[in-house]
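Open the model in your viewer and keep the selection box handy. We will go from stop to stop, with a word at each on what to select and what is there.

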Amino acid sequence: EPRTENQEPRTRNREPGTRNREPRTKNQEPRTAQSSRPPLLDTGSGFQQPAETYLAQLGHELLQIEQRLIPVGLHVLGEPPAPAERGDILALVAAFARPEPKQPPLPHLVARALGHDYAELTANLQRDPAAPAAWQQIEMICREAVRRLIEADGHAADADRYLAKEAHIRPGTLNPLWHMLADLLNRLLEEREIRGLLRALRGGYIPPSPGNDVVRNPAVVPTGRNIYAFDPFMVPTPAAAAAGFAVADELLERVVAVEGALPETVAMVLWGTDNIKTGGEGIAQTLALLGARAVTDEIGRIADVELLPLSELQRPRIDVVATVGGIFRDLFSAQAGLINRAVRLAATAPEPPEQNFVRKHALDQAAALGIAVEQAATRVFSNAPGSYGANVNHLVESSTWDSDTQLSAAFVARKSFAYGPGGNWQESRALMERALATVSVTFQNVDSVENGISG
């Protein structure tokens with residue numbers, strides 16, 4: 001082994017027959033002339049892992065920092081985004097999966113043309129040291145194509161020629177995407193803010209506009225309109241539903257990798273502000289774990305939920321216990337009802353308990369409490385109406401607690417009001433305690449503007 005700076009030099013005085021060997025412990029494996037095992041690195045927490053794996057993970061973290069969306073400062077009213085900012089916005093929009101245009105995101109198409117599977121490449125960023133270089137090549141090509149589109153005022157000929165040269169993508173393939181980005185570029189540059197402000201000060205009518213960021217919902221531009229938070233009949237959005245299943249699958253894969261088995265129950269923490277910003281991704285993740293999806297009516301409004309067949313789901317239904325914040329309770333009552341209905345559908349589905357953990361637990365809880373299975377399948381909890389917060393933070397900050405039991409008791413006391421028939425929130429501490437008893441994983445997906453779509 002190489003000597004460190006302060007390590008004493010080895011001496012030549014040794015006992016006969018030792019040959020400079022270090023003494024072996026009782027259970028130590030004998031050394032071989034050429035070890036086939038990869039070198040191990042101590043990551044500083046007492047955990048060793050192969051050097052290549054560690055370096056790949058380190059590279060992935062550095063890549064995340066590089067791709068982070070650094071705030072560009074306060075917006076100046078009436079000024080459009082600077083050219084560099086326009087490129088960042090349009091590149092992110094092109095990388096985001098959405099129902100329209102009906103084709104994969106731009107990075108997926110470029111990756112496929114270069115012989116990569118983008119999802120597989122992204123999954124390998126933390127494992128394969130060669131993956132970041134391929135990922136960065138795809139990112140560079142996408143950004144350059146978008147830059148050329150912007151410089152040509154939305155005309156795609158130069159961007160098409162560039163992609164044909166660098167990625168062998170036939171011109172015209174991306175026409176739906178180019179049209180969408182060109183329209184978005186025009187709306188980004190359309191100035192309505194000063195005019196809208198002056199009209200509002202005169203008491204005039206201001207057209208409505210959805211909230212959210214432009215990447216998730218390009219309909220938010222042009223700015224200068226009267227913003228509303230969300231349409232309750234459109235949550236979760238199609239993009240949020242797709243992201244919800246992807247994140248749920250990733251969560252389960254991670255738990256299996258660490259624990260060796262699927263969790264039977266996941267405790268979900270749902271906040272109102274995060275679900276407003278993401279179009280209901282947390283709601284979609286909860287439905288995905290249950291193996292359910294939202295159903296729209298004939299005019300496109302979300303009106304119900306349905307269970308995916310187990311043959312399509314290809315895994316057991318995961319039980320969930322959703323604790324929702326007070327703002328979520330007030331704003332997303334309809335969505336709390338969707339989750340509640342999905343749980344009850346799963347609890348009463350004629351499926352084997354080993355493939356339906358919701359039904360397995362509901363049957364056990366119904367027998368233990370002497371209630372119907374439908375009532376035992378109560379899984380959405382919040383504060384009492386008009387009450388907000390669990391107050392656990394206040395106990396911690398004031399140091400008025402002596403054990404974890406006191407903190408958990410305070411949480412359950414504040415959060416044990418269950419979504420009931422008709423949307424009423426009823427005190428249900430016994431049901432909550434029974435439901436929490438099966439939890440092995442807690443999950444909350446917090447939205448952040450510091451990361452790109454892949455963050």
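**Stop 1: a strand and its partners**

Select Leu270 and Val324: Val324, in S8, is the bridge partner of Leu270. What you have open is a predicted model. Now widen the selection to both strands, S5 (residues 265-270) and S8 (residues 319-324), which pair in the parallel sense over six bridges. For another rung of that ladder, pick Val266, whose bridge partner in S8 is Val320.

Next, add strand S9 to the view. S8 and S9 run parallel and are joined by two bridges. Here you can select Thr323 and find Phe381 of S9 standing opposite.

Keep S8 selected and look at its side chains. In a regular strand, side chains alternate between the two faces of the sheet. Colour Asp319, Val321 and Thr323 one way, since they point to one side of S8, and give Val320, Ala322 and Val324 a second colour, since they point the other way. Is each of these residues buried or exposed? All are buried. With six of its six residues buried, S8 is largely enclosed by the rest of the structure.

**Stop 2: the whole sheet**

Now show the full sheet. Which order do its strands follow? The six strands run S11-S10-S9-S8-S5-S12, forming an open sheet with mixed pairing. At the edges are S11 (425-427) and S12 (441-443), each of which pairs on one side only. Turn the view to look along the sheet: neighbouring strands are turned by 30° against each other on average, direction ignored. As background, strands of a sheet pair through backbone hydrogen bonds, either parallel or antiparallel.

**Stop 3: Asn383**

Select Asn383 in the loop between strand S9 (380-382) and helix H17 (392-398). Its relative accessible area is 0%, so Asn383 is buried. Draw a distance from the side chain of Asn383 to the backbone oxygen of Arg414, and you should find 3.5 Å. Then show the surroundings: beyond residues up to four places away in sequence, Asn383 touches Val324, Gly326, Arg329, Tyr388, Gly389, Ala390, Arg414, Lys415 and Phe417. You have met one of them already, as Val324 is the bridge partner of Leu270.

**Stop 4: H18 against H19**

Follow the contact with Lys415 into helix H18 (residues 404-415), and add helix H19 (residues 429-436). Two packed helices are described by the angle between their axes and the distance between the axes. For this pair, the axes come within 9 Å and cross at roughly 125°. H18 and H19 are therefore oblique to each other, and their crossing is right-handed. To see the meeting place, show Ala409, Phe411, Val412, Ala413 and Lys415 of H18 together with Arg429, Met432, Glu433 and Leu436 of H19.

**Stop 5: H2 against H7**

Move on to another helix pair, H2 (residues 83-95) and H7 (residues 175-189). Their axes come within 11 Å and cross at roughly 145°, and the crossing is right-handed. On the H2 side, select Arg86, Ile89, Leu90, Val93 and Ala94. They meet Leu177, Met180, Leu181, Leu184, Leu185, Leu188 and Leu189 in H7.

While you are here, click on Gly87, also in H2. At 17% relative accessibility, under the 20% limit, Gly87 counts as buried. Draw a line from its C-alpha atom to that of Leu185: the separation is 9.5 Å, although the two residues are 98 residues apart along the chain. Apart from neighbours within four places in sequence, Gly87 is in contact with Arg143, Val146 and Ile150.

**Stop 6: helix H11**

Select residues 281-290, which make up helix H11. How many of the residues of H11 are buried? The count is 10 of the 10, so H11 is largely enclosed by the rest of the structure. Among those buried residues are Glu281, Gln285 and Thr286, along with Ile283, Leu287 and Leu290. Step on to Gly291, which follows H11 and has a positive phi, near 75°.

**Last stop: zoom out**

Finally, reset the view and show the whole protein, with its 19 helices and 12 strands. Of its 455 residues, 39% are buried. Among contacts between residues at least 6 apart in sequence, 65% join residues at least 24 apart.

Terms used. Residues numbered from 1 in each chain as written. Predicted model: local features only at pLDDT ≥ 70, side-chain atom pairs only at ≥ 80, totals over all residues. Heavy atoms only, no water. Helix = DSSP H or I, 4+ residues; strand = E, 2+ residues; numbered from the N terminus. Buried < 20%, exposed > 50% of the residue type's maximum accessible area, 1.4 Å probe, protein only. Polar contact = N/O pair within 3.5 Å; in protein donor to acceptor, adjacent residues only side chain to side chain. Contact = heavy atoms within 4.5 Å. Pairing = 2+ DSSP bridges. Axes fitted to C-alpha atoms, helices over the stretch in contact; angles between N-to-C directions. Parallel < 35°, antiparallel > 145°, perpendicular 65-115°, else oblique. Left-handed = near helix turned anticlockwise from the far one by under 90°.
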